[in-house]
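Here are my notes on this one, written so that you can follow along with the model open beside you. Take the points in order and find each residue as it comes up.

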2 protein chains.
Amino acid sequence: MQNRVLLVEDDDELRELLARYLSGQGFTVREAANGKDGLALALGQHCDIVVLDIMLPDINGLEVLRELRSQTHLPVVLLTARGDETDRIVGFEVGADDYIPKPCNPRELVARLQAILRRVAWDQKSEVKAEQRYGDLRIEADHRRIYQNDEALDLTATEYEILQVLLAHAGSVVRKTDLMQWALGRRLEAFDRTLDMHISNLRKKLGSDDSPRIETVRGLGYSYRVSE
Amino acid sequence: MQNRVLLVEDDDELRELLARYLSGQGFTVREAANGKDGLALALGQHCDIVVLDIMLPDINGLEVLRELRSQTHLPVVLLTARGDETDRIVGFEVGADDYIPKPCNPRELVARLQAILRRVAWDQKSEVKAEQRYGDLRIEADHRRIYQNDEALDLTATEYEILQVLLAHAGSVVRKTDLMQWALGRRLEAFDRTLDMHISNLRKKLGSDDSPRIETVRGLGYSYRVSE
DNA sequence: AGCTCCTTTACAGAACCTTTACATGACATT
DNA sequence: AATGTCATGTAAAGGTTCTGTAAAGGAGCT
């Protein structure tokens, strides 16, 4: 099966060039010439990895990435003018998987894409299902709802995200920095108690069992207790 | 707790510099000055990611990577002289996760390391639980818990780290300076009794057998006794 | 305005790491 | 063996950091 790349780049010439090369290397290529289209295509879920130019005519690439990260973990490689160190660091912090300076060597681009895809393929074993169960909880991803014994929990958008991440990793500890990045889409800064508050509220809504479903792992993060 | 980096770099000065910076950024740092030591440490399973210089005095870094890849999927970031494009491509093809040209900006190194670790942490949600056994002890890495005869030990974060390191080296002596660096993430200074205290507490929690499980090797360090 | 939701502030309490202090034990030298 | 020195064991105190949560603030929407 071929890997599907989404190329978001406003320079027609460069985009065509890369598209051709990637095709030749066995990728299925989709193209977008601006941020809006790119975002729409990326969210359409029909690609495996995104190559995203930072400099775009409409929305800034970093903005696109931020938006993307608030909804998915789709791998993203940033593309931008050489030497712009600030963009680079910010890009990683917003959640990019890699960064390549322009003009880039196509072979290197392919090598980097494959390095990331390889990593993803190794680790990713189970596909996301529309409906998943964790004990008495049931996620309906389409409706962004979580049911407890068939009764819908009244969660806010953020609470849903957090609980969904915790459930996806049920039984394992999710670090606060990761939880922040994955559910809130931003970096955990010092003295930011937002996450703690959401956890506190979530615990209330999940009801009080004998032992808390969301366990605190001091100094690290939280973990959803797997029921036996 | 902290992410653990293995730094394989023969230039003492650069290695020290990076080690210090990474420590400051919340990483626990392990160091190796040549390929042989690096390989041994990496295979020892006690780090989350490897920063590997290609130019090494004994084994070529690429060779180390190849060897490593034949056994694990541990994330590896290559480090080498700028502009050496062949190495770069080959590196990716052998299975590197990223590549950074020297001299590198430490901030960028950290950003890249975190980008990879983020992705790995996310994808590993479905990973098969790695369980390690040492006599009646069992480590569950996901929970960061250690069980003794199926009963979870109530360890603090630091105690977990220390015991985990000792177990990983079960049967051989771990120097106090190494234990400090690996488990506490900082250098052992004179008159610092922190480690001794943790060991003391650990021994209490491990229960009193006839002979202590954690043996003292005077003037050197500690060693977890292998059960027969 | 009113409502919802996210975030910040503030404080209390808990968990934990580190330091201090003294006791004990090991090793070397006499 | 006796002595001195240094490493180690551990109780207790100290202080720092982390966490839980109520309450207030603020942003966005209707």
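1. Start with DNA strand C, which has 21 residues around it. The closest are A:T158, A:R186, B:T158, B:R186 and B:T194. Now look at which part of the strand the protein meets: of the strand C atoms that come within 4 Å of the protein, 76% belong to sugar and phosphate. Keep in mind throughout that this is a predicted model.

2. Which side chains have a polar atom by a base nitrogen of DNA strand C? Zoom in on A:R193, where a side-chain N or O atom sits 3.3 Å from a base nitrogen of that strand. A:R218 brings a polar side-chain atom to 3.2 Å from a base nitrogen of strand C. From the other chain, B:R193 has a polar side-chain atom 3.5 Å from a base nitrogen of the strand.

3. Next, ask which elements build the surface near DNA strand C. In chain A, α6 (157-168) and α8 each supply at least two residues, and so much is also true of α8 in chain B. Sorted by character, the residues of this surface come out as five nonpolar, eight polar and eight charged.

4. Now turn to DNA strand D, with 22 residues around it. A:R193, A:R203, A:T216, B:R203 and B:T216 come nearest. For this strand, sugar and phosphate make up 43% of the atoms that come within 4 Å of the protein.

5. Have a look at the phosphates of DNA strand D too. An N or O atom in the side chain of A:T216 is 2.6 Å from a phosphate oxygen, and one in the side chain of B:R203 is 2.7 Å from a phosphate oxygen. A:K204 also joins in, with a polar side-chain atom 3.2 Å from a phosphate oxygen of the strand. The elements that give two or more residues to the surface near strand D are α8 (194-205) of chain A and α8 (194-205) of chain B. As for character, that surface holds four nonpolar, six polar and twelve charged residues.

6. Leave the DNA and find strand β3 of chain A, residues 49-53. Are its residues buried or exposed? Five of the five are buried. Both faces are covered, with A:I49, A:V51 and A:D53 on one side and A:V50 and A:L52 on the other.

7. What does β3(A) pair with? Strand β1 of chain A (residues 3-8) runs parallel to β3(A), joined to it by four bridges; here A:V8 has A:L52 as its bridge partner. Strand β4 of chain A (residues 76-81) is also parallel to β3(A), again with four bridges, and A:V50 is partnered by A:V76. To get from β3(A) to β4(A), the chain passes through helix α3 (residues 61-69), making a right-handed β-α-β crossover.

8. Chain B gives you a sheet to trace. Four of its strands form an open sheet in the order β6-β7-β8-β9, with antiparallel pairing. β6 and β9 (151-152) stand at the edges with a single partner strand each, so one side of each has no neighbour in the sheet.

9. Walk through that sheet pair by pair. β6(B) (residues 131-134) and β7(B) pair over four bridges, and B:Q132 stands opposite B:I139. β7(B) is joined to β8(B) (residues 145-148) by four bridges as well, with B:L137 opposite B:Q148. β8(B) and β9(B) pair over two bridges; B:Y147 has B:A152 as its bridge partner there.

10. The hairpins deserve a stop. Between β6(B) and β7(B) there are two residues, and B:G135 in this hairpin takes a positive phi near 65°. The hairpin of β7(B) and β8(B) has four residues between the strands, and in it B:R144 has a positive phi near 55°. While you are here, check β7(B) itself: B:L137 and B:I139 on one side and B:R138 and B:E140 on the other are all buried.

11. Finally, a word on confidence. Chain A has an average pLDDT of 86, and 93% of the residues score at least 70. Among the elements of chain A, α8(A) has the highest mean, 97, and helix α4 (residues 85-94) the lowest, 76. Where pLDDT is low, the predicted coordinates should not be read in detail.

Key. Residues numbered from 1 in each chain as written. Chains lettered and ligands numbered in written order. Predicted model: local features only at pLDDT ≥ 70, side-chain atom pairs only at ≥ 80, totals over all residues. Heavy atoms only, no water. Near = heavy atom within 4 Å. Polar contact = N/O pair within 3.5 Å; in protein donor to acceptor, adjacent residues only side chain to side chain. Nonpolar A, V, L, I, M, F, W, Y, C, P; charged D, E, K, R; others polar. Buried < 20%, exposed > 50% of the residue type's maximum accessible area, 1.4 Å probe, protein only. Pairing = 2+ DSSP bridges. Right-handed = clockwise from strand over helix to strand, strands pointing away. pLDDT = per-residue confidence, 0-100.
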